Amino acid sequence: METPIDSEDEQTRDVFAHFGLAAYCAQVFEKGLCNLLVIHGMLTGKVVTLADFDAMEKKTHKKPLGALLKDVKPLIDFGEADVEGRLDEALAKRNFLQHHYFWERAVEFTSTNGRAAMIAELDRWRLIFETATGFVDALCDAARKARGISDECILAELEKARMRAADMDATAAH
């Protein structure tokens with residue numbers, strides 16, 4: 001017989017779920033910066049061959065988020081918008097999330113109100129990461145279009161990925 005889950009257990013699971021979603025969104029932001037650097041390499045002639053592409057991709061994916069942001073900032077004209085501040089905030093929140101979050105929130109994690117506050121905080125941070133990702137995605141879109149990579153090409157690659165996922169599901173079902 002299965003033990004019923006009480007509201008405290010459910011809320012604890014919710015904290016972990018919101019943490020996982022925030023961490024996922026932070027990682028999407030990080031990989032977006034990697035993509036931007038690779039596309040920039042293509043635009044500037046540093047990435048010409050498939051081997052160049054693979055090497056650049058491998059190099060960028062090894063870098064921590066702070067180093068990626070440092071590499072990207074000189075490539076961007078921030079204008080008057082506070083985009084640079086938002087990117088810096090995303091970096092700071094991501095680092096805290098990955099390295100200190102549960103340690104610093106240990107007391108809050110033990111109470112119902114504390115866990116509720118953690119969930120609300122993690123939701124705010126997810127939005128910070130999504131906003132930063134939106135900015136990076138817009139830059140990637142502009143750069144890839146300047147390189148002549150069409151939306152149709154991207155959609156075709158996405159469809160190939162969906163087909164691979166469907167194949168994995170079909171294989172697992174048997």
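Asp14 is partly exposed in this predicted model, with a relative accessibility of 33%. The residue belongs to helix H1, which spans residues 7-44. Between the C-alpha atoms of Asp14 and Ala92 there is a separation of 23 Å, and the two residues stand 78 positions apart along the chain. Asp14 also takes part in a surface patch of negative charge, where it gathers with Glu8, Asp9 and Glu10. Of these residues, Glu8 is likewise found in helix H1. Because its relative accessibility of 45% falls between the limits of 20% and 50%, Glu8 is classed as partly exposed.

A surface patch of another kind is formed by Leu21, Tyr24 and Val28, which are nonpolar. Together these three residues present about 270 Å² of accessible area. Tyr24, one of the members of this patch, has its place in helix H1.

Attention then turns to the interior. In soluble globular proteins, nonpolar side chains tend to be buried together. The largest nonpolar core of the model comprises 34 residues. Within this core, the residues with the most contacts are Phe29, Leu33, Leu87, Leu97 and Phe129. At least two core residues are supplied by each of four helices, namely H1, H3 (65-72), H4 (83-99) and H7 (112-146). The greatest contribution to the core comes from H1, which provides 12 residues. Helix H1 therefore supplies residues to the core and also carries Glu8, which is partly exposed at 45% relative accessibility.

Charged side chains were examined next. Side chains of opposite charge can pair when their charged atoms come close. Across the whole structure, 10 salt bridges are found. One of the pairs joins Lys63 to Asp71, with 2.3 Å between the closest N and O atoms. Both partners are partly exposed: the relative accessible area is 24% for Lys63 and 29% for Asp71.

Helix H7 holds both partners of a further pair, Glu130 and Arg126, which lie four residues apart, about one turn of the helix. Their side chains meet in a salt bridge with an N to O distance of 3.1 Å. The two partners fall into separate classes of accessibility, since Glu130 is partly exposed with a relative accessible area of 35%, whereas Arg126, at 18%, is under the 20% limit and is therefore buried.

Asp141 and Arg144 are also placed in helix H7, at a spacing of three residues, again about one turn of the helix. The salt bridge between their side chains has an N to O distance of 3.5 Å. Here too a partly exposed acidic residue is paired with a buried arginine: Asp141 has a relative accessible area of 35%, and Arg144 has one of 8%. This pair is not isolated, as Asp141 and Arg144 are linked with Lys145 and Asp151 in a network of salt bridges.

In summary, the model has a largest nonpolar core of 34 residues, to which H1 gives the most. The surface includes a patch of negative charge formed by Glu8, Asp9, Glu10 and Asp14, as well as a nonpolar patch formed by Leu21, Tyr24 and Val28. Salt bridges number 10 in the whole structure, among them the pair of Glu130 and Arg126 and the pair of Asp141 and Arg144.

Technical notes: Residues are numbered from 1 along each chain as its sequence is written. This is a predicted model: local features need pLDDT of at least 70, side-chain atom pairs count only at pLDDT 80 or more; totals for chains, interfaces and linings use all residues. Side-chain values use heavy atoms; hydrogens and water are left out. Patches are made of residues with over 30% relative accessible area and no salt bridge: like charges are joined within 9 Å, nonpolar side chains (Val, Leu, Ile, Met, Phe, Trp, Tyr) within 5 Å. Accessible areas come from the Shrake-Rupley method with a 1.4 Å probe; for residues, only the protein chains shown count as cover. A salt bridge is a side-chain nitrogen of Lys or Arg within 4 Å of a carboxyl oxygen of Asp or Glu. Lys and Arg count as positive and Asp and Glu as negative; His and the chain ends are not counted. The place of a charge is taken as NZ of Lys, CZ of Arg, CG of Asp or CD of Glu. Buried means under 20% relative accessible area, exposed over 50%, partly exposed in between (1.4 Å probe, protein chains only). A nonpolar core is a set of buried Ala, Val, Leu, Ile, Met, Phe, Trp, Tyr and Cys residues joined through side-chain atoms within 4.5 Å.
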